[in-house]
Amino acid sequence: MTVRIGFAGAGGVAVTHLVNLLRLQDAEVVAIHDVDADRIAGCVRRVNAQQDLGARSGDESRRLRPKAYTDYRAMIAEAGLNALYICTPPSVRGAIEMAAIEEDVALCVEKPIALRLDLAREIAAAIRERNLVSSVCYQVRYSEAVTDAHMALGTRPVAMGLGFMLGGVPSVPWWRVHSQSGGQIVEQATHAVDLMRAFMGEVVRVYGAGALRVHGEMPGFDIHDTGASVLHFANGAVGSLVNTSVLGGGSTAGFPTGVHLFAADYRIEVWGGTLKVVTPDKTDEFRYNASPMLALDTDFVDAVKRRDPARVRTSYGDALRTLAVTLALDESAQSGKVTEIPRV
Ligand SMILES: NC(=O)c1ccc[n+]([C@@H]2O[C@H](COP(=O)([O-])OP(=O)(O)OC[C@H]3O[C@@H](n4cnc5c(N)ncnc54)[C@H](O)[C@@H]3O)[C@@H](O)[C@H]2O)c1
């Protein structure tokens, strides 16, 4: 079976997925929806230009020839989709997913899955009811570094976890607007929160502090540009998350990234392409080249082909719990109060 795939949102991250999907024999991207037809044309051009470069260097190359839709309902009605990628900004979620679910179309959804918990709960329930395949793009979970970190850690209980998301302001205009991105923790540090959950289990309570210290003069910028938070895990472990978007260029050199885990006489630092394991006797460092996003796209297509929701590493229902934590962190940073994570 060839998996017939559609896209909603033809921006930066869509290009990454589309290039990956062209490498998969079992996948065919047949339709792309965006409210802006020029974005679809531009996205197809960018993907095919990358394919041409690959072909010149001797790689096998396929080209993207999707039908363009500015109306998602028409795409879902006409395109005969088995799967749909949701690559719209985080505030543009809900209606497209629900329309696809009604037609039993599997979903691969970019993080964060939504900016409201009630909306995400509704979508999660609809996916569960129809037993559809869903995947959420927490691609770090697919990295070889994370797989090896799980093996290295074994059954050692993690006493403490630290998450880092330290960088600059992404170029997409919606990112700096709270109502459109949810802020840096909800939109970006969500990767670190999700990975802490993968190693340390569920979070029950958080306390966050945030401030706007540098980017206050940037037009439209209404989110915190720095944050420091505390997380309490159900198993009694504690965690801490720091985030900032005040760095740029060379000032990001050498900063800590990803998630650091502390167990008795044992420390792990892990992110998409790197793993460091520190014991009293030695420090082992590993680097990995495989693309976690390609692994995620491959598993999603495979899961759709086999109609097996269990084949993905982060389902929509799982990502709902990460969303609940990040929304609580943001709420706490706004209110200054300790915030319990609601049950989802
Ligand atoms: N997993 C990752 O590492 C990763 C990396 C980058 C982005 N993302 C996520 O991917 C999503 C998109 O990010 P991006 O960087 O591609 O953004 P982008 O702004 O480059 O692209 C978004 C696209 O959605 C389109 N769009 C806007 N409103 C729409 C609507 N109502 N209907 C249909 N299309 C609409 C825009 O025209 C644009 O082409 C975000 O949720 C972001 O967090 C994830």
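An open sheet of six strands, paired in parallel, follows the order E3-E2-E1-E4-E5-E6; strands here are DSSP E runs of at least two residues, numbered from the N terminus, and two strands pair if DSSP finds at least two bridges between them. The model is predicted: local features require pLDDT of at least 70 and side-chain atom pairs pLDDT 80 or more, whereas totals for chains, interfaces and linings use all residues. Residues are numbered from 1 along each chain as its sequence is written, and side-chain values use heavy atoms, with hydrogens and water left out.

The edges of the sheet are formed by strand E3 (67-69) and strand E6 (134-136), each of which pairs on one side only. Direction ignored, neighbouring strands are turned by 20 degrees against each other on average; axes are lines fitted to C-alpha atoms, for helices over the stretch in contact, and angles run from 0 to 180 degrees between N-to-C directions. Strand E1 (residues 3-8) runs parallel to strand E4 (residues 83-86) and is joined to E4 by four bridges. Ala8 stands opposite Ile86 in E4.

Two helices (DSSP H or I runs of at least four residues) contact this sheet, contact being defined as heavy atoms within 4.5 Å. Helix H4 (residues 95-102) packs on the sheet and touches E1, strand E2 (27-33), E4 and strand E5 (106-109), its direction making about 170 degrees with that of E4. Helix H9 (residues 292-306) lies across E1, E2, E4, E5 and E6, at about 170 degrees to E5.

The largest nonpolar core (buried Ala, Val, Leu, Ile, Met, Phe, Trp, Tyr and Cys residues joined through side-chain atoms within 4.5 Å) comprises 73 residues, of which Leu84, Ile113, Phe199, Ile268, Val270 and Tyr316 touch the most other members. This core lies between domain 1 (3-138 + 292-315) and domain 2 (140-291 + 324-340), because both give residues to it; the domain bounds come from an automatic or database domain assignment. Apart from this core lies another, of 33 residues, including Ala27, Val29, Val44 and Tyr142. Residues up to four places away in sequence not being counted, Tyr316 touches Val109, Ile113, Ala120, Ile123, Ala124, Ile127, Ser134 and Val136.

With a disulfide defined as a pair of cysteine sulfur atoms within 2.5 Å, the count is zero. The sulfur of Cys43 is 8.8 Å from the closest cysteine sulfur, in Cys87, which is too far for a bond. For Cys108, the closest cysteine sulfur, in Cys137, is 3.7 Å away, likewise too far for a bond. Cys43 is buried (under 20% relative accessible area, 1.4 Å probe, protein chains only), at 2%, and Cys108 is buried at 0%.

Methods:
Buried < 20%, exposed > 50% of the residue type's maximum accessible area, 1.4 Å probe, protein only.
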